[in-house]
Amino acid sequence: MNTDTLMENLLEYLKKMSTVIVRNEFKYNNFEDFVFKNGVPFKEMSSDKVRMGQQGNCFMNAARLSQNRKYTYCEGYCAVSDVPIPILHAWVIDEQHKVVENTLRISNNAIAVYYGVVFSGLYLATTISQRRYFGLIDNMEMKYPLITGEHTDFKDEKFYEEYLNGGSR
């Protein structure tokens, strides 16, 4: 399997899962729908070497790493070639928009692709401060403001402007 095929599979999963539950009272049906409609693909890994965080704590690990201004926080889904289903996950991207993974230990013979939302540092800091937990999309404590559409100013506008103008991905 190559990265293009794995990304196609991930997008197909998000598309299918986004219609499993239809919630007319919310802007988005579920996490997958939110990510599918607001996310972008990431297939390239950064060569940056960072200290790995604790397994199972991707949201905290990525949030802490994003405090380094050269990294930007992302949340969405990751598909790994030797894992049967995509996982809700957090990671950071470097200044060239390449993934810096500091939680998943991906085996040498596996490949990974990511599809997710690039969040502004201000939105990340404000939400974590109010919520007192890490993670932005799965936010039960604040009644899922991204899924309901209550929160609309969450994207890292600089990234999206560069992305839409053909910047590196």
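# Contacts, burial and overall form

Colleague: With which residues is Leu6 in contact, leaving aside its neighbours within four places in sequence?
Modeller: Among the partners of Leu6 outside that stretch of four places are Met1 and Ser81. Contact means that heavy atoms lie within 4.5 Å. The full set for Leu6 is Met1, Ala79, Val80, Ser81, Ile111, Ala112 and Val113.

Colleague: What pLDDT do local features need in this model?
Modeller: Residues are numbered from 1 along each chain as its sequence is written, and side-chain values use heavy atoms, with hydrogens and water left out. The model is predicted: totals for chains, interfaces and linings use all residues, side-chain atom pairs count only at pLDDT 80 or more, and local features need pLDDT of at least 70.

Colleague: Is Leu6 buried or exposed?
Modeller: Leu6 belongs to helix 1, which covers residues 3-17. Buried means under 20% relative accessible area, exposed means over 50%, and partly exposed lies in between (1.4 Å probe, protein chains only). Because its relative accessible area is 5%, Leu6 is buried.

Colleague: What distance separates the C-alpha atoms of Ala79 and Leu6?
Modeller: Ala79 is located in strand 2 and is buried, with a relative accessible area of 7%. Beyond its neighbours within four places in sequence, Ala79 contacts Leu6, Leu10, Pro86, Ile111, Ala112 and Val113. Ala79 and Leu6 are 73 residues apart along the chain, and their C-alpha atoms are separated by 7.0 Å.

Colleague: How far apart in space are Leu6 and Phe31, C-alpha to C-alpha?
Modeller: The pair Leu6 and Phe31 is 25 residues apart in sequence. From C-alpha to C-alpha, the distance between Leu6 and Phe31 is 20 Å.

Colleague: In what order do the elements of the protein run from the N terminus on?
Modeller: The protein has six helices and five strands. These elements are DSSP runs numbered from the N terminus: helices (H or I) have at least four residues and strands (E) at least two. From the N terminus on, the order is α-α-β-α-β-β-β-β-α-α-α.

Colleague: Why does the radius of gyration of the protein agree with that of a compact globule?
Modeller: The radius of gyration is taken over C-alpha atoms, and the globule rule is 2.2 Å times the number of residues to the power 0.38. For 169 residues, a compact globule would have a radius near 15 Å, and the two values agree because the protein has 15 Å.

Colleague: Which residues touch the most other members of the largest nonpolar core?
Modeller: A nonpolar core is a set of buried Ala, Val, Leu, Ile, Met, Phe, Trp, Tyr and Cys residues joined through side-chain atoms within 4.5 Å. The largest such core holds 45 residues. Those touching the most other members are Phe34, Phe42 and Phe119.

Colleague: Which residues does Phe34 touch, not counting residues up to four places away in sequence?
Modeller: Phe34 is one of the three residues that touch the most other members of the largest nonpolar core. Outside the four-place stretch, Phe34 touches Tyr28, Gly39, Val117, Phe119, Ile137, Leu146, Ile147 and Phe154.

Colleague: How far apart in space are Phe119 and Asp156, C-alpha to C-alpha?
Modeller: Phe119 sits in the loop between strand 5 (112-118) and helix 4, and at 1% relative accessibility it counts as buried. Its contacts beyond four places in sequence include Phe34, Tyr73, Leu136 and Asp156. Although Phe119 and Asp156 are 37 residues apart in sequence, their C-alpha atoms are 4.9 Å apart.

Colleague: Is Ser66 buried or exposed?
Modeller: Ser66 occupies the loop between helix 3 (58-65) and strand 2 (72-80). Apart from neighbours within four places in sequence, Ser66 contacts Tyr71, Thr72, Tyr73, Val92 and Leu124. With 14% relative accessibility, Ser66 counts as buried.

Colleague: What is the phi of Arg132?
Modeller: Arg132 lies in the loop between helix 4 (121-131) and helix 5 (145-148) and is exposed, with a relative accessible area of 71%. Most residues other than glycine have a negative phi. Arg132, a residue other than glycine, has a positive phi, near 70°.

Colleague: What is the phi of Lys143?
Modeller: Lys143 is also placed in the loop between helix 4 and helix 5. Its relative accessible area is 66%, so Lys143 is exposed. The phi of Lys143 is positive, near 65°.
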